[in-house]
Amino acid sequence: MVCCQYFSPFDGGANAFTVEMPRVTFGRGALHEVGARALARGMRRAALFTDTVLADSSHVACALTSLRAAGIDAAMFSDVRIEPTDTSVLAAAAFLQEGGFDGVISVGGGSVMDTAKGALVYSRYPAEFETYFAPPIGGGVPVPGPLGPHLACPTTSGTGSEVTGLSVIRFEALEVKFVLASRHILPDEAIVDPACIDTLPPTVVASTGFDLLSHALECYTARAYTRWAKVDEIGARPMIQGANPWSDLHAREALRIVNAYLPRGLADAADHEARDGLSWAATLAGMAFGNSGTHLPHALSYAVSQMARDFRPRDYPGSGTFVPHGLSVIVTSPSVFRYTARETPERHLEAALCLGADARDAVPDDAGEVVAARVIELMREVGAPNGLGGVGLSTRDADALADSAIRQRRAIANAPRETGVDEIRDIFQQAVSYW
Ligand SMILES: [Fe+2]
């Protein structure tokens, strides 16, 4: 598969990309290593971040036992809310400031790891909350410097947060999520133990699986890094830097694994081959989007989760009404890729082939439909909501959704097409129902 011509030099465009990665340990039983790894990082007193559902789980017990066996004093912070907010992150930062810790262990899904990242920033470099976020809502100030050591241990197979310098936090006053991006919030180590997802209900595996699927699809179809402006000094190179050969490598493999294992991983929790595969794919997709950035499905998802307030996900632990992140992403994906494929059809066809689409006879004009059809097929196979209508939204909501989504400026600019509020409204209108 030829990819490099996608990155051919562009006048005034970036001439290089940078890969940022933590040390990664992957495998069943890896969580037992957390104590020795924390000790090797110089930790003596660690804050263990988790959520209320996981606080009594065998995973957290395993991490605590490992830490104590290494002689590390650990205090638990479990007051993490699903979809962390400025308020919940600042409460976590206060816990760090008062506790005299020399490191953080996070054991949980994206909300837990993202809370730990945010808490490390605001405990070390206190500031008005919007300071470190990008304009138009933020001050655009870089996180000033390194934070304490952070070992991230995911318990779901989707977020990829364990290998990214990104943290998604909801601003309560604006009722919408924004992304904090800095290489300083990249965890020092990712400890990925697929045994942690053995106990996940199928609905969570489905939602997180769609999250990872979309991470990979978005990375592969993102604007090429050479189409972003060249930077004058190394600190100015953003983490959301566009598609590049590194993100391609991981996105392609993640898509192949989703194709092979997503329905299988849902159907049978004892299918370790499938669930281990999804766990690995989530980390791979994280390695991809942490170094390229996502684009429209994620940019639009924050408006979906903001407005679909009456959706109650089935079999979701510890939750009320909300749209799980992976579902908020996937409900617009077919509509998005029908739109973006017109700019870079070959990339879309390559991604669709990795995802198992029958695209042997497809021509470039078919690309959007080929990607959309394969995603819709997977959505139906695993019981995802049927577009925006499936989470309680309609064409009448398209204006408000577009007005909210347009604030996600960087992610929108990472799409392969120039996209304004009118195009986003059209994408929402075409995302109401797919079958
Ligand atoms: Fe995501």
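Visitor: Which residue in β4 stands opposite Phe49?

Guide: In this predicted model, the residue facing Phe49 is Ser106 of β4. Strands β2 (residues 45-51) and β4 (residues 103-108) run parallel and are joined by four bridges.

Visitor: Which order do the strands of the open sheet follow?

Guide: A sheet is read by listing its strands from one edge to the other. Here six strands form an open sheet in the order β1-β8-β5-β4-β2-β3, and the pairing is parallel. The edges are formed by β1 (23-26) and β3 (73-80), each of which pairs on one side only. On average, neighbouring strands of the sheet are turned by 20° against each other, direction ignored.

Visitor: At about what angle to β4 does helix α2 run?

Guide: Helix α2 (residues 58-69) runs at about 155° to β4 and lies across β2, β3, β4 and β5 (150-154). Helix α4 (residues 110-124) also packs on the sheet, where it touches β2, β3, β4 and β5. The direction of α4 makes about 160° with that of β4.

Visitor: Why is helix α5 described as largely enclosed by the rest of the structure?

Guide: The description rests on burial: 18 of the 20 residues of α5 are buried, so the helix is largely enclosed. As for its length, α5 (residues 202-221) should span 28 Å at 1.5 Å a residue, and its end C-alpha atoms are indeed 28 Å apart.

Visitor: How far apart are the axes of α6 and α7?

Guide: Their axes are 8 Å apart, and α6 (residues 245-267) packs against α7 (residues 272-289) at an angle of about 155°. Angles over 145 degrees count as roughly antiparallel, and α6 and α7 are therefore roughly antiparallel to each other. The crossing of α6 past α7 is left-handed. Among the contacting residues are Ala254 and Tyr261 of α6 and Trp280 and Leu284 of α7.

Key. Residues numbered from 1 in each chain as written. Predicted model: local features only at pLDDT ≥ 70, side-chain atom pairs only at ≥ 80, totals over all residues. Pairing = 2+ DSSP bridges. Helix = DSSP H or I, 4+ residues; strand = E, 2+ residues; numbered from the N terminus. Axes fitted to C-alpha atoms, helices over the stretch in contact; angles between N-to-C directions. Contact = placed C-beta atoms within 7 Å. Expected span 1.5 Å × (residues − 1). Buried ≥ 20, exposed ≤ 12 C-beta atoms within 10 Å, placed from the backbone. Parallel < 35°, antiparallel > 145°, perpendicular 65-115°, else oblique. Left-handed = near helix turned anticlockwise from the far one by under 90°.
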